[in-house]
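Open the model in your viewer and keep the sequence panel visible. The stops below say what to select and what is found there.

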Amino acid sequence: MKIIETVDLKKQYEMGEVFVKALDGVSFHVNEGEFVVILGPSGSGKSTLLNIVGGMDSPTEGDVIFTDEHLSGYNDKQLTNYRRTEVGFVFQFYNLMSNLTAKENVELATEICEDALDIDKILEDVGLADRKDHFPSQMSGGEQQRVAIARAVAKNPKVLLCDEPTGALDFKTGITILELLSKINKTYNKTVVVITHNASIAEMANRVVKMRSGKIIENYINDKPISPERIEW
Ligand SMILES: Nc1ncnc2c1ncn2[C@@H]1O[C@H](COP(=O)(O)OP(=O)(O)O)[C@@H](O)[C@H]1O
Ligand SMILES: [Mg+2]
């Protein structure tokens with residue numbers, strides 16, 4: 001079953017006299033439960049696409065359909081609710097509140113949604129059972145990304161949208177984060193979308209969407225996804 005569909009998405013930025021076409025007619029879909037990798041070089045429109053799918057930005061033209069609902073028809077309140085409850089975000093630089101502990105960061109996110117999961121259980125599942133009371137500055141990059149993932153999952157969204165989640169991490173730590181995302185895809189049954197410029201990561205995906213210059217140049221099902229610990233880059 002389709003969970004996300006984009007219909008001819010276009011996004012144009014006006015920079016003085018110049019128009020930048022960040023998205024130039026992007027149509028694709030994601031099925032429920034898939035682990036999708038959107039792959040493309042820097043500047044190809046990946047973040048723009050993810051931000052529009054996540055309701056953080058709106059397209060110049062086109063639409064996003066999320067479980068039969070058209071985001072273009074949402075008013076501000078519906079869009080806020082969509083961002084709060086339906087999608088979870090993971091960013092390259094974690095974006096944690098530095099004055100809150102790991103657990104408090106997760107708690108804060110769940111306060112504004114109805115269907116939150118058990119915070120202690122999630123912190124345990126992401127491997128932070130004994131680091132709950134640490135502040136971001138007391139944690140490594142990999143640990144901070146685990147907090148960010150726990151925070152996104154705790155809201156119990158249908159989809160996790162991850163923008164270069166391993167981009168700031170060394171290779172080994174990056175793999176452990178991909179393992180965690182894979183585990184969350186399988187055990188929590190969450191649809192996961194990861195955007196990256198790293199072609200190796202595509203090998204673990206069920207579906208690979210390749211972008212170049214604001215367009216999709218390839219979209220295929222990967223019949224034999226490998227487990228993250230076998231990825232090398
Ligand atoms: N807010 C913005 N204003 C102007 N141009 C932008 C803005 N955001 C992105 N762009 C441009 O749109 C294109 C796609 O950017 P982006 O979606 O960030 O690509 P990626 O995530 O693949 O690196 C780039 O040319 C970028 O410079
Ligand atoms: Mg980007």
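**Stop 1: the core around isoleucine 149**

Select isoleucine 149: apart from neighbours within four places in sequence, its contacts are Val90, Val126, Leu180, Leu181 and Ile184. This is a predicted model. Now extend the selection to the largest nonpolar core, which has 60 residues, with Ile149 and Ala150 making the most contacts inside it. Colour helix H5 (residues 141–154) next; the largest share of this core, 7 residues, comes from that helix.

**Stop 2: the sheet of six strands**

Select the strands S6-S7-S8-S3-S9-S10, listed here in their order across an open sheet with mixed pairing. Go to the edges, where strand S6 (87–90) and strand S10 (215–221) each have a single partner strand, so one side of each has no neighbour in the sheet. From one strand to the next, the twist averages 15°.

Zoom in on S10 and strand S9 (residues 207–212), which run antiparallel and are joined by 6 bridges. One pair to label is arginine 212 with lysine 215, its bridge partner in S10.

Next, show the helix H6 (residues 171–187), which packs on the sheet and touches S3, S7 and S8. The direction of H6 makes about 155° with that of S8. Then show H1, which lies across strand S3 (35–39), strand S7 (159–163), strand S8 (191–196) and S9. Relative to S7, H1 runs at about 155°.

**Stop 3: the sheet of four strands**

Keep H1 displayed and add S1, S2 and S4: H1 lies across these strands too, at about 120° to S1. The open sheet here has 4 strands in the order S2-S1-S4-S5, and the pairing is antiparallel. Its edges are S2 and strand S5 (69–70); each has a single partner strand, so one side of each is left without a neighbour in the sheet.

Between strand S4 (residues 61–66) and S5 there are 2 bridges, in the antiparallel sense. Label isoleucine 65 and histidine 70, its bridge partner in S5.

**Stop 4: ligand 1**

Which residues surround ligand 1? Select Tyr13, Met15, Val20, Ala22, Gly40, Ser42, Gly43, Ser44, Gly45, Lys46, Ser47 and Thr48. Strand S1 (2–15), strand S2 (18–31) and helix H1 (46–53) are the elements that each give two or more residues to this shell. H1 gives the most, with 3 residues. Colour the shell by class to finish: 4 residues are nonpolar, 7 polar and 1 charged.

How values were computed. Residues numbered from 1 in each chain as written. Chains lettered and ligands numbered in written order. Predicted model: local features only at pLDDT ≥ 70, side-chain atom pairs only at ≥ 80, totals over all residues. Near = placed C-beta within 6 Å. Nonpolar A, V, L, I, M, F, W, Y, C, P; charged D, E, K, R; others polar. Core = buried A, V, L, I, M, F, W, Y, C linked by C-beta atoms within 7 Å. Buried ≥ 20, exposed ≤ 12 C-beta atoms within 10 Å, placed from the backbone. Contact = placed C-beta atoms within 7 Å. Pairing = 2+ DSSP bridges. Axes fitted to C-alpha atoms, helices over the stretch in contact; angles between N-to-C directions.
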